[in-house]
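Reader: Before any detail is discussed, could the structure be shown, and could the discussion then move through it step by step?

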Amino acid sequence: MSTETTKKPSVLFVCVHNAGRSQMAAAFLTTLGNGEIEVRSAGSQPADKVNPAAVEAMAELGIDMSAEIPKVLTTEAVKESDVVITMGCGDECPYFPGKRYEDWVLEDPAGQGVDAVRPIRDEIKTRIEGLIASLVPAAK
């Protein structure tokens, strides 16, 4: 087994509950990133389960998030990630020099129905496509 010479870029998505925005972002990046990017998501106060409206909105696009479980944010997760994206919720992430930090201001889908979640989902997808373009060199 050969050792990889180039390390995959890694991205951590953070929101308070790790139940909606960060889960949708991680699912999009996992699906659209074609295995080129390592994906993590976490929350400072994880919910008991992923937002059912977010699961439904993603299922409409053929992405199954039903088995995902909100995870707690750890210093290790931040340390191991190249890019840390917070989801407009003022979460405090440990800061490590040399990391790329972005804050995506997105409406919180908590407590909203699937009709309200769709535009948030679509905005996340657009941002993920831009993120992938910035992390993975275009195939020539």
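**Helix H1 and its surroundings**

Author: In this predicted model, the buried residues of helix H1 are Arg21, Ser22, Gln23, Met24, Ala25, Ala26, Ala27, Phe28 and Leu29.

Reader: How many of the 12 residues of H1 are buried?
Author: A residue is counted as buried when its relative accessible area is under 20%. The list for H1 runs from Arg21 and Ser22 to Phe28 and Leu29, and the helix is described as mostly covered. Of its 12 residues, the number buried is nine.

Reader: Which strands and helices are included in what covers the buried residues of H1?
Author: The cover of these buried residues includes two kinds of element, strands and helices. The strands named are S1 (10-14) and S2 (38-42). The helices named are H2 (52-59) and H4 (114-135).

Reader: What distance does H1 reach from its first C-alpha to its last?
Author: Helix H1 covers residues 21-32, which gives it 12 residues. At 1.5 Å a residue the expected span is 16 Å, and the helix comes close to that expectation. From first C-alpha to last, H1 reaches 16 Å.

Reader: Which residue with a positive phi follows H1?
Author: The residue in question comes after the helix, which itself comprises residues 21-32. Its phi is positive, near 50°, and the residue is Asn34.

Reader: Is Thr86 buried or exposed?
Author: Thr86 is found in strand S3, which comprises residues 83-86. Its relative accessible area is 11%, and because the cut-off for burial is under 20%, Thr86 counts as buried.

Reader: How far apart in space are Thr86 and Gly43, C-alpha to C-alpha?
Author: In sequence, Thr86 and Gly43 are separated by 43 residues. In space, the distance from C-alpha to C-alpha is 9.5 Å.

Reader: In what pattern do the helices and strands follow one another along the protein chain?
Author: The protein chain holds four helices and four strands. Read along the sequence, their pattern is β-α-β-α-α-β-β-α.

Reader: What radius of gyration does the protein chain have, set against that of a compact globule?
Author: The C-alpha trace spans about 45 × 35 × 30 Å along its principal axes. For 140 residues, a compact globule would have a radius of gyration near 14 Å, and the value for the protein chain agrees with this, at 15 Å.

Reader: What share of the contacts with a separation of 6 or more comes from residues 24 or more positions apart?
Author: Buried residues make up 44% of the 140 residues in the protein chain. Among contacts with a separation of 6 or more, residues 24 or more positions apart account for 71%.

Definitions and conventions:
Residues numbered from 1 in each chain as written. Predicted model: local features only at pLDDT ≥ 70, side-chain atom pairs only at ≥ 80, totals over all residues. Heavy atoms only, no water. Rg over C-alpha atoms; globule rule 2.2 N^0.38 Å. Buried < 20%, exposed > 50% of the residue type's maximum accessible area, 1.4 Å probe, protein only. Contact = heavy atoms within 4.5 Å. Expected span 1.5 Å × (residues − 1).
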